[in-house]
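The following questions and answers examine the fold, the packing and several individual residues of one protein chain. Each answer closes on the item requested.

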Amino acid sequence: MAFSWVPAAVPPSLAVLSVVVAVVVLREAMPPLLPAAAAVACSLAGMALVWRDVRSKVRGEGRTVGSLLGQYAAGKAVGWLGRRQRRTLEADTLNVRRVQEETLLKRLNKNANTSYGRRFNFRSIKDSDDFRARHPITTYEHYRQLIGRVAAGEEEVIIAEKPLILAMTSGTSGPSAMLLSTKATNSEFFLQGVAVCLDAMRRAFPETDSLQKTTKFFYSPTFRQSEAGIPIGPNSSTPASSRHMPHLYTTPAPAFEVVSEKDALYLHLLFALRDPSVGTLESNFASTIFYAFSALQDRWQELVEDIERGSVSSALTLEPSVRSRLEALVKPNPVRAAQLRACFSDGFRGIARRLWPRLHLVLAVDSGSNQIYGEMLRESFCQGVAFYSPFYAATEGLIGVNLWPQEPNRRYLLCPRSMFCEFLPESLLEEEEEAPRTLLMEDVEEGQNYELIVTNASGLFRYRIGDVVKVVGFHNRCPVVEFQYRRGQMLNVRGEKVSETLFFVALKKAVSQWPGAQLVDYCCAESGIMGDSIGGSDPHYQVFIELKGVRNLTEQQRYKLDVCLQQESSVYKSFRIKGSIGPMRVQLVANGSFGELRKDMMAFSNTSPNTFKTPRVLCRKEDVHFLLGKTVS
């Protein structure tokens, strides 16, 4: 493939970079004191080495020398950092007890002089046993008033430093919570999460070590202010917040100023389609990429026309300054438009690889509630493209990293320096014991399920985050886990406790027996929250499904889902045989219903598209009635 180049003056960064490379490569061969001529020769040799390396990599089209060198330098720096952090992590996993104790005491000592630290006498706590004996296990209600005081401007309430933002959780299994996010939280996420995962990615997929651009589907969040002027909103940053980051992405910086999700998505797609050499598709969650391709199906003709004419659609509601800056970046490209029309004429199965022949990777979390979107992407739009689910993280902070990108099962190594972790056995979750005995990292057993309890860097102590994980092994002495379910996302009308994972397995099996049906999305509700809107008094599951390829299901086909769940869950089967649980009721909803539900739920919870996760068990009656109104069969 031929690449076009935009001429530019050699920037100062090249000179600096060349000197660095020259020193690294030649320092062993040169005497301690170099004459001026030798120094110049060393610098020129370094420049030559850098330029040869840059020229050897796959590059995007229309790149300036400055943008290529900026990306090259950033890649080298993050690569070095990733290798260093990986070595640190490997060493930590050999002695998790010591590292966990250090992490805990560091948190306590840092916040010992806060009013909260004095209340629990953090200064006198000597180890994790002492901490667990003195401090109770907590939920969000324990912190609600304390965080309210922080929002009002009071200092050193829970943490010693001032929070960067008041971060809203996604509200997947209940109302959104407002938590503190600090500089330390962000630093840990980058060093222990991003850097390590980029190292794992490059080891597994060496072709990603290129100078291709990434298409990052990200939507600039909106923030409001607390009484004290602290921003309140999702805990995510925009790529445009760093002046170096736009070199890495197909979407230009002005597009990240667009608040409307619909308009921002159009711009992401427009600039991605203009670049045939995209190397990676990235987003926080696989659902975001799935919805991007769904939008592409609807608007591809409009996008191609914009590319052909060198325009930005007049249908977008943009600030005049943003529009003018974007329009300055687009030029008519009828050749690329013709290529795109040919790609779309062959349909949307495998479209990603046809649009971007050098696409190497989809980088997004596709475990938990996002598993369905990852599977649909692999089966349709992104056939033949590798996927990497890098993190296990939450608003509370980084929990684990995936060091095994090529394995189909998404498992995560817990990060022993990120959070102090405790584990509550699943068998104790329903007991009302006031101070249940928790286990530490070195105590857990392979094959068992536990609820995670964390102490993080931003003011949560022995906090139940609501995630239940399964220990699937150990890396050295550190647990490796798979996410199982969120508490509050279990179907449980008679004590049967059907998890999200279990139900999804049954649903996939049933859909495979419905000829022509393709699953788009689904969720469930327990009959108890639906009131008089349904007939009958037997407790049961109400299942809402959006399908492609079929408009209706027979009663026998609907009942197949109940049969499949009985096959997967012996407890559910026993309740069905006894008649304690009635047959589930399966309802098909109109196309686009879950997209509309997603928008309504984000508006209600004040959640950003970057952090929203679709709940599989609906907890609000209003959401259930919304889908009842969308039922077509």
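Q: What percentage of the 633 residues in the chain do buried residues make up?
A: The model is a predicted one. A residue counts as buried under 20% relative accessible area. By that criterion, the buried share of the 633 residues is 54%.

Q: How many helices and strands are there in the chain, and what share of the contacts with a separation of 6 or more comes from residues 24 or more positions apart?
A: The chain holds 19 helices and 20 strands. Among contacts with a separation of 6 or more, the share from residues 24 or more positions apart is 69%.

Q: Which strands stand at the edges of the open sheet of 7 strands?
A: The order of this sheet is β11-β12-β13-β17-β16-β15-β14, and its pairing is antiparallel. A strand at the edge has a single partner, so one of its sides is left without a neighbour in the sheet. From one strand to the next, the twist averages 45°. The two edge strands are β11 (391–394) and β14 (420–425).

Q: Which residue in β13 stands opposite Gly-400?
A: Strand β12 (residues 397–401) and strand β13 (residues 412–414) run antiparallel and are joined by 2 bridges. Opposite Gly-400 in β13 stands Leu-414.

Q: What angle does the direction of helix α4 make with that of β14?
A: Helix α4 (residues 96–110) packs on the sheet. Its contacts there are with β14, β15 (449–455) and β17 (478–486). Relative to the direction of β14, that of α4 makes an angle of about 110°.

Q: Which helix gives the most to the largest nonpolar core?
A: Nonpolar side chains in soluble globular proteins tend to be buried together. The largest nonpolar core has 97 residues, of which Phe-293, Phe-503 and Ile-545 touch the most other members. With 12 residues (its range is 286–309), the helix that gives the most to this core is α10.

Q: How many residues does the second, separate core have?
A: In the largest core, Ile-545 touches residues including Leu-507, Trp-514, Leu-561 and Phe-594, when residues up to four places away in sequence are not counted. The second core is separate, and its members include Leu-108, Tyr-143, Leu-414 and Val-481. The number of residues in this second core is 67.

Q: Is Gln-484 buried or exposed?
A: Gln-484 lies in strand β17. Beyond its neighbours within four places in sequence, Gln-484 is in contact with Asn-449, Val-468, Val-469, Lys-470 and Thr-501. Asn-449 is 35 residues away along the chain, yet the C-alpha atoms of the pair are separated by 8.1 Å. The relative accessible area of Gln-484 is 15%, and because the limit for burial is under 20%, Gln-484 is buried.

Q: Which term describes the orientation of α10 and α14?
A: Helix α14 (residues 371–379) packs against α10 at about 45°, with the two axes 8 Å apart. Ala-286, Ser-287, Ile-289, Phe-290, Tyr-291 and Phe-293 in α10 meet Tyr-373, Gly-374, Met-376 and Leu-377 in α14. The crossing is left-handed. Because the angle lies outside the roughly parallel range of under 35 degrees and the roughly perpendicular range of 65 to 115, the helices are oblique.

Q: Which residue in β4 is the bridge partner of Ala-167?
A: An open sheet of 4 strands has mixed pairing and the order β4-β3-β7-β6. β4 (178–181) and β6 (224–225) each have a single partner strand, so they form the edges. Strand β3 (residues 165–168) runs antiparallel to β4 and is joined to it by 4 bridges. The bridge partner of Ala-167 in β4 is Leu-179.

Q: At what angle to β4 does helix α7 run?
A: Helix α7 comprises residues 144–151 and lies across β3 and β4. Its angle to β4 is about 55°.

Q: Where is Glu-156, and what is its relative accessible area?
A: Phi of Glu-156 is near 50°, a positive value in a residue other than glycine. Glu-156 is partly exposed. Its place is in the loop between α7 and β3, and its relative accessible area is 40%.

Q: What is the relative accessibility of Asn-121?
A: Asn-121 is in the loop between α5 (115–119) and α6 (128–134). Its phi is near 55°, a positive value in a residue other than glycine. Asn-121 counts as partly exposed, and its relative accessibility is 38%.

Notes
Residues numbered from 1 in each chain as written. Predicted model: local features only at pLDDT ≥ 70, side-chain atom pairs only at ≥ 80, totals over all residues. Heavy atoms only, no water. Pairing = 2+ DSSP bridges. Axes fitted to C-alpha atoms, helices over the stretch in contact; angles between N-to-C directions. Contact = heavy atoms within 4.5 Å. Core = buried A, V, L, I, M, F, W, Y, C linked by side-chain atoms within 4.5 Å. Buried < 20%, exposed > 50% of the residue type's maximum accessible area, 1.4 Å probe, protein only. Parallel < 35°, antiparallel > 145°, perpendicular 65-115°, else oblique. Left-handed = near helix turned anticlockwise from the far one by under 90°.
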